[in-house]
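Here are a few exercises to work through with the model open. Try each one before you read its solution.

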Amino acid sequence: MFRNNYHFLAGLLLLCCTSVTSALPDDWQQEMTILSDHAELDRKAGVVIYQGNVVLTQGTMRIESERLLIIRSGNALEKAIAEGTAKQPARYQQQINPGKPLTKAHGQRIDYFAQLREITIQGNARLEQDGNLFSGERILYDMTKETVSASGGTSTSAQGGNENDKQRIKVVIQPQAPAEPATGTDSKPAQE
């Protein structure tokens, strides 16, 4: 009987997580798979909590965390909250545009808003895209508008700073590749 309940619960969990808006056009059509050590489903509230070495994959999207909370609205994924620890932060990666490298992020907490196509990263937040790097206490990444907003936080006395010290954000932007020099095949020789 326990085995039948386990299969029923696993089937419900998969059904609850089959539709999501993702970055690549066909990501949302891909099957979503969630692996974890433990899962709890509250069907009335539309909430599923996964704990212990959680790995969510769908298309090019991958979220790894210690705890993952999935909130659904009707048949659609509304929000996923991935929580890590100071030593093992939550991690996110996804190919936002075809032909572009993966966008990667990590922080102590990652909120993924599927309908809005936004990600909020909190606690030693870091976002890397096309070699460009954003780090701070909190980062908001809007996939639709392709904008990033980063903010610092306030140091705590445990971090060795004054409580009124403001942590700064760090942005590293890679230079553009130099333009290819002209090959000279189109130029005509000078007349004498």
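**Exercise 1.** Work out which pattern the protein follows along the sequence.

*Solution.* Reading along the sequence, you get α-β-β-β-β-β-β-β-β-β-β-β-β. Count the elements and you have one helix and twelve strands; these are DSSP runs, H or I of at least four residues for helices and E of at least two for strands, numbered from the N terminus. Before going on, keep in mind that this is a predicted model, where local features need pLDDT of at least 70, side-chain atom pairs count only at pLDDT 80 or more, and totals for chains, interfaces and linings use all residues. Residues are numbered from 1 along each chain as its sequence is written, and side-chain values use heavy atoms, with hydrogens and water left out.

**Exercise 2.** Find the partners of β8 and describe the turn that follows β8.

*Solution.* Start with β5 (residues 76-83): five bridges join β5 to β8 (residues 109-113), and the two run antiparallel. Strands pair here if DSSP finds at least two bridges between them. At one spot, Glu 83 sits opposite Arg 109 of β8.

Next, take β9 (residues 118-129), which pairs with β8 in the antiparallel sense, again over five bridges. Phe 113 has Glu 118 in β9 as its bridge partner. Finally, look at the turn: β8 and β9 make a hairpin with four residues between them, and Arg 117 there has a positive phi of about 55°.

**Exercise 3.** Which residue in the turn between β2 and β3 has a positive phi?

*Solution.* First the pairing: β2 (residues 38-42) and β3 (residues 47-58) are antiparallel, with five bridges. Leu 41 is bridged to Val 48 in β3. The hairpin has four residues between its strands, and the one you want is Gly 46, with a phi of about 70°.

**Exercise 4.** Describe the second largest pocket and sort its lining.

*Solution.* Its volume is about 170 Å³, the space filled by probe spheres set on grid points that are joined across faces, edges and corners. A pocket is an open set of points on a 1 Å grid over the protein atoms alone, where a 1.4 Å probe fits, with protein on both sides within 12 Å along at least five of seven lines; lining residues have an atom within 4 Å of a point. Among the lining residues are Ile 96, Lys 100, Gln 129 and Tyr 141. Sorted, the lining gives three nonpolar, four polar and three charged residues.

**Exercise 5.** How much of the protein counts as buried?

*Solution.* Take buried as under 20% relative accessible area (1.4 Å probe, protein chains only). Of the 192 residues, 33% qualify.

Methods
Ala, Val, Leu, Ile, Met, Phe, Trp, Tyr, Cys and Pro count as nonpolar, Asp, Glu, Lys and Arg as charged, and the others, Gly among them, as polar. Buried means under 20% relative accessible area, exposed over 50%, partly exposed in between (1.4 Å probe, protein chains only).
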